[in-house]
Structure formats: structure tokens, C-alpha cells
Amino acid sequence: MTDTSASATQASSHSYRKVAIAACFGTFLEWYDFLTFATLAVVFGPLFFPSSDPSTGLLASLATFGVGMVVRPIGAAIFGSIGDRIGRRPVFMITITLMGIATVCVGFLPTYSQVGIWAPILLVSLRLLQGLSAGGEIGGSAVYLTEHAGDCNRGFKTSFLQLMGPLGILVSTLQIALLRNYLSPEEFLSWGWRVPFWVSLGLLVIAFQARRALEETPVFLELSNSNQRTESQLVNNFKDPEIRKRMFLLFFCVSSSGAILFFCVQVYTTIFLKASIKLPPELVDQLSIASTTTLLPFTIAAGWLSDKIGRKPVILSGLVLGAIFLHPAYWALEKFSIAFMQNNDTNYIPLLLLTLVALSLILALVVGPQTAFLAELFPAKNRNSAATLPHNLAAGWIGGLLPLVVTWLNQAWGNSLAGLWYPTIFLGTAAIFAILYLPETYELNLVK
């Protein structure tokens with residue numbers, strides 16, 4: 001390799017690292033903001049939805065979280081179309097600002113005891129704003145980073161973006177665990193729960209400054225120079241049968257299944273162990289932090305593996321393992337938790353952690369290659385709108401509502417595990433469709 005080519009490669013590598021850090025930090029903030037609400041769902045029940053029945057308050061709190069997820073496809077449709085018309089970078093600046101402002105405002109909301117019905121109304125309004133901005137960010141960030149990644153080791157390079165969800169919930173959970181440790185229960189309910197939302201202000205300033213330095217993707221610039229853009233690709237996506245088919249496969253086999261596994265592994269486990277099993281919240285937080293930490297290398301390894309053997313076999317293995325082991329894993333969590341509480345036997349804690357780690361591995365197999373796969377499925381001129389809409393539709397309507405649906409089914413059937421047959425059957429069906437129809441994409445050229 002000549003000195004010139006070596007310098008160019010080094011400069012390109014440095015440029016990509018700069019792009020990746022800025023894009024990932026912004027996505028981390030989006031996930032931190034979004035998942036802080038989910039982590040505090042048990043706390044929000046009595047503060048914003050007081051009820052004589054704690055289960056009713058929890059359902060109302062989960063429904064408010066679900067509202068933010070339901071509007072994500074609207075944000076995806078709006079911002080995805082904008083991204084195809086004027087570029088990926090301007091959308092990033094808008095979405096990060098909306099999410100940051102909405103989250104900081106949650107930290108200053110009055111509770112139901114202070115302003116009555118206005119408290120849940122304001123909370124739901126801010127959740128809607130969070131959902132709209134997340135719809136533009138999550139999915140769009142995958143396209144942005146993948147188009148900067150080039151053709152070599154694309155799965156590995158882009159897998160780091162998938163760490164932002166676990167890192168967001170890890171930092172949020174760790175912060176809440178520290179607050180619970182240093183504050184009395186009364187102090188935490190009075191003002192301690194607000195601290196994670198206040199912290200968002202500092203993170204917003206850092207993320208905004210980092211994103212100001214971002215450049216437009218090379219793929220979009222090439223489209224602009226060749227005049228291949230149209231005023232709106234969103235409608236055209238549904239007219240093209242091949243793109244329509246791939247949007248469905250992305251929605252059903254990859255994004256919905258990834259969202260189901262994410263919320264089952266990262267969100268609902270905490271709710272299940274705290275609210276249903278009544279495991280001590282401090283122990284649940286510690287287990288969540290430990291298992292989430294193991295998810296990080298698993299995700300990177302899955303992205304790397306998809307560069308070697310393809311995206312499809314890695315994703316498919318996660319779907320099959322999820323369908324087989326999700327329900328038994330929750331059964332094991334329930335049995336180990338009950339045995340721990342009845343016998344006060346700490347030997348069950350490693351078994352709880354091992355079960356959560358196994359679930360994390362299954363999740364990593366689906367989400368590790370997901371960033372690259374999401375962008376590789378579609379032509380460059382349609383990519384932002386075609387990828388973000390089904391991805392956010394899946395995350396919002398399938399994954400985001402999962403804790404609410406599973407909790408409701410459990411209560412309706414009087415069994416703490418009955419609702420988990422819903423994600424189990426979904427993953428099994430998705431695996432069958434993936435075997436039959438999911439294409440392989442890891443060797444494709446993104447400029448097409």
C-alpha cells in the first residue's frame with residue numbers, strides 16, 4: 001500500500017469514527033430518554049394515575065408508554081420522507097432537539113396530587129412528542145450510519161449503533177439504582193425520580209454539538225449530484241411491489257421480532273420481576289445492569305458474524321431460539337425468584353442472572369446485524385422512507401405495546417406467564433417467513 005492510499009484509508013477510518021460517535025451518542029440520548037420512562041413505569045402509576053388497585057395504575061402507566069410508541073410510525077413517515085428529500089443530516093438535528101426538550105419537561109411535571117387530571121394529560125402529551133421524534137431518529141440513524149460505513153465489515157461497524165438501546169437503559173437503570181440507594185423511598189417518590197430527566201439537558205447539549213459537525217452521507221450526496229431524488233418517495237414505496245414486499249419482511253421478520261425480543265429482554269423483565277413477582281427492586285436493578293452489560297459484546301459479535309456467514313442465518317437463529325426459549329426462560333425466572341424469596345437463598349441469584357444472559361444472547365443475534373440489514377434491503381433513493389416506516393411501525397405497534405398487552409393478558413387469564421404466548425407465537429411465525437422469503441443482503445453495494 002502506498003503512503004497516499006494508507007493516508008486516505010486512515011483519514012476515512014477517522015472520519016467514520018467521528019460520524020459513528022456523533023450518530024451513536026445522539027441515538028443513545030434518544031434511547032436514554034425513551035427508556036427512562038419505561039424503567040420508571042412502576043413509579044409513575046401512583047404519581048400520575050392514582051388508583052385503589054395498583055394493577056390499574058400500572059396498566060395506565062404502561063399505556064402512556066405505549067402511546068409514545070404508537071405514534072412512532074407517524075414520526076417515521078414524516079421524517080423519513082424529509083430525509084429522502086433534503087438529506088439525512090437535517091432530520092438528525094430536528095429529532096434530537098424534540099426528544100431532549102420533551103424529556104427535560106417530564107422532569108418538571110406536577111403530579112396528580114398537585115394539579116389533578118392535568119398531570120396525566122401533560123405526561124401523555126410529552127410522550128407523544130417523544131414518540132414522534134423517536135420515529136424519525138430510530139431507523140433513520142441506521143440508514144445514516146450504514147451509508148457511511150462502506151462495503152467492508154459493514155455488519156460489524158454498524159452493530160455499535162444497536163448498543164445504544166442497551167446502554168441507554170443501562171445508564172438509566174444504574175442512575176435510578178443509585179438514587180434509590182442514597183435516597184429514602186419518600187425522597188425518591190417526592191423528587192428523586194425527576195433526576196434522570198434533568199440529566200437529559202446536559203446530554204442534549206453534548207449531542208447537539210456533536211451532531212452539528214456531522215456531514216451528509218456520501219450515498220445521498222451522489223443521489224443529489226445525479227438528480228435521482230423525487231419530491232416524495234413514501235407513496236412510491238407502496239406502488240413498487242418489490243419494495244412493498246421487502247417492507248413487509250422488514251416489518252414482520254426483523255423489526256417486529258427484534259422489538260419483541262428487546263422489550264421482552266430489556267423492558268418487560270424488569271416490570272415482571274418487580275411488579276408481578278415482587279422481587280426487591282434493588283436486586284432487579286442489579287440483575288438488569290449485569291445482564292445488559294453482557295448484551296454489548298454479544299451484539300458486536302453477532303454483527304461481525306453476519307459479515308462472515310450472512311445476515312439471514314444470524315437473524316434466523318435468533319428468531320428460532322427466541323420462539324423456543326422465551327416462555328421457558330420466564331418460567332425459570334419466576335421459579336428462581338420465588339425460591340429465592342421463600343428460602344432467602346442467594347444461590348438462586350446466579351441462576352436468575354444466567355437466565356437473563358441467555359435471553360440477551362438471543363436478542364443480540366437478531367439486533368446485531370439489524371442496522372446494516374435495514375439499509376441494505378432498499379435502493380438508495382427510497383432507503384430512508386422505506387426503512388424507517390416499517391421499522392418504527394414494528395417497534396411502536398408490536399414492541400412498544402408488548403408490555404401492556406402481555407400484562408393485560410396475564411391479568412385477564414389470571415396467570416403471570418399466559419401473556420408470553422403472544423410473543424412466542426409471533427417469533428415462531430416470523431421464523432417460518434424468514435426461512436421462506438428473507439433475502440440475503442450482506443454483499444450488496446449500497447449505491448444503487
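Me: Right, helices are DSSP runs of H or I with at least four residues, strands are runs of E with at least two, and both are numbered from the N terminus. How many cavities of 30 Å³ or more turn up in the whole structure?

Reply: The search finds 4. This is a predicted model, where local features need pLDDT of at least 70, side-chain atom pairs need 80 or more, and totals for chains, interfaces and linings use all residues. Numbering runs from 1 along each chain as its sequence is written, and side-chain values use heavy atoms, without hydrogens or water.

Me: What's a cavity here?

Reply: A set of points on a 1 Å grid over the protein atoms alone where a 1.4 Å probe fits but cannot get out; lining residues have an atom within 4 Å of a point.

Me: What volume does the largest one have, and which residues lie nearest its centre?

Reply: The largest cavity holds about 300 Å³, counted as the space filled by probe spheres set on the joined points. Its lining has 24 residues, with W31, I138, Q162, Q370 and H391 nearest the centre.

Me: Which helix gives the most to that lining?

Reply: α15, with 5 residues. Helices supplying at least two residues each include α1 (3-39), α10 (164-182), α15 (241-276) and α20 (383-399).

Me: How does that lining divide by class?

Reply: 13 nonpolar, 10 polar and 1 charged.

Me: Switching over, what's around the second largest cavity?

Reply: Its lining includes V265, T269, L273, V284, S288 and L356. α15 and α16 (281-309) are the elements giving two or more residues. The space there is about 70 Å³, and the lining has 5 nonpolar, 6 polar and no charged residues.

Methods:
1 Å grid on protein atoms, 1.4 Å probe; cavity = no way out; pocket = protein on both sides within 12 Å on 5 of 7 lines; lining within 4 Å. Nonpolar A, V, L, I, M, F, W, Y, C, P; charged D, E, K, R; others polar.
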